[in-house]
Amino acid sequence: MTIRRYKLKAVFTELNQFDSFCGDDDFIEVVLWHNGEGIDVRLGGEGQHRFGLTWGQYKALRALIKELDG
């Protein structure tokens, strides 16, 4: 068995500066997968959510949001 140790790249911000419905403890964190093939997103606060996306899934989501916004 091989055990590898590595550091993950992550970014974090409080959500209340972007969303007036969020409280002081609400946040979003995005973590790059170690293999570089996608990201994990964690929304924290009262109702916590976590999901992962490959880069292809992220591009599809971004395209759909752009379509809604246009």
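Helices and strands are DSSP runs, of at least four residues for a helix and at least two for a strand, and they are numbered from the N terminus. In this predicted model, Ile3 lies in the segment that precedes strand 1 (10-14).

**Elements and overall form**

The chain contains one helix and four strands. Read from the N terminus, these elements follow the order β-β-β-β-α. The radius of gyration of the chain is 15 Å, whereas a compact globule of 70 residues would have one near 11 Å. Along the principal axes, the C-alpha atoms occupy a box of roughly 50 × 30 × 15 Å.

Contacts and burial add to this description. Among the contacts in the chain with a separation of 6 or more, 5% are accounted for by residues 24 or more positions apart. Of the 70 residues, 16% count as buried.

**Surface and charge**

The exposed area of the chain is about 6300 Å², and carbon and sulfur atoms supply 54% of that area. The chain carries 9 positive and 11 negative charges, and the mean positions of these two groups are 16 Å apart.

**The segment before strand 1**

Is Ile3 buried or exposed? The relative accessible area of Ile3 is 70%; a residue is called exposed when this value is over 50%, so Ile3 is exposed. Ile3 and Gly47 are 44 residues apart along the chain, and 34 Å separates their C-alpha atoms.

**An aromatic pair in the helix**

The count of aromatic pairs comes to two. One of them joins Trp55 and Tyr58: the ring centres are 5.8 Å apart and the ring planes stand at 85 degrees, so this pair is edge-to-face. The cut-off behind that name is an angle of over 60 degrees between the planes. Where do Trp55 and Tyr58 lie in relation to each other along helix 1? Helix 1 covers residues 55-69, and because Trp55 and Tyr58 are three residues apart in helix 1, about one helical turn separates them.

The accessibility of these two aromatic residues can be set beside that of Ile3. A value under 20% would make a residue buried and a value over 50% exposed, with partly exposed in between.

| Residue | Relative accessible area | Class |
|---|---|---|
| Ile3 | 70% | exposed |
| Trp55 | 33% | partly exposed |
| Tyr58 | 30% | partly exposed |

Trp55, at 33%, and Tyr58, at 30%, therefore both count as partly exposed.

Methods
Residues are numbered from 1 along each chain as its sequence is written. This is a predicted model: local features need pLDDT of at least 70, side-chain atom pairs count only at pLDDT 80 or more; totals for chains, interfaces and linings use all residues. Side-chain values use heavy atoms; hydrogens and water are left out. The radius of gyration is taken over C-alpha atoms; the globule rule is 2.2 Å times the number of residues to the power 0.38. Buried means under 20% relative accessible area, exposed over 50%, partly exposed in between (1.4 Å probe, protein chains only). Contact means heavy atoms within 4.5 Å. Accessible areas come from the Shrake-Rupley method with a 1.4 Å probe; for residues, only the protein chains shown count as cover. Lys and Arg count as positive and Asp and Glu as negative; His and the chain ends are not counted. The place of a charge is taken as NZ of Lys, CZ of Arg, CG of Asp or CD of Glu. Rings of Phe, Tyr and Trp (its six-membered ring) pair if their centres lie within 6.5 Å; planes under 30 degrees apart count as stacked, over 60 as edge-to-face and the rest as tilted.
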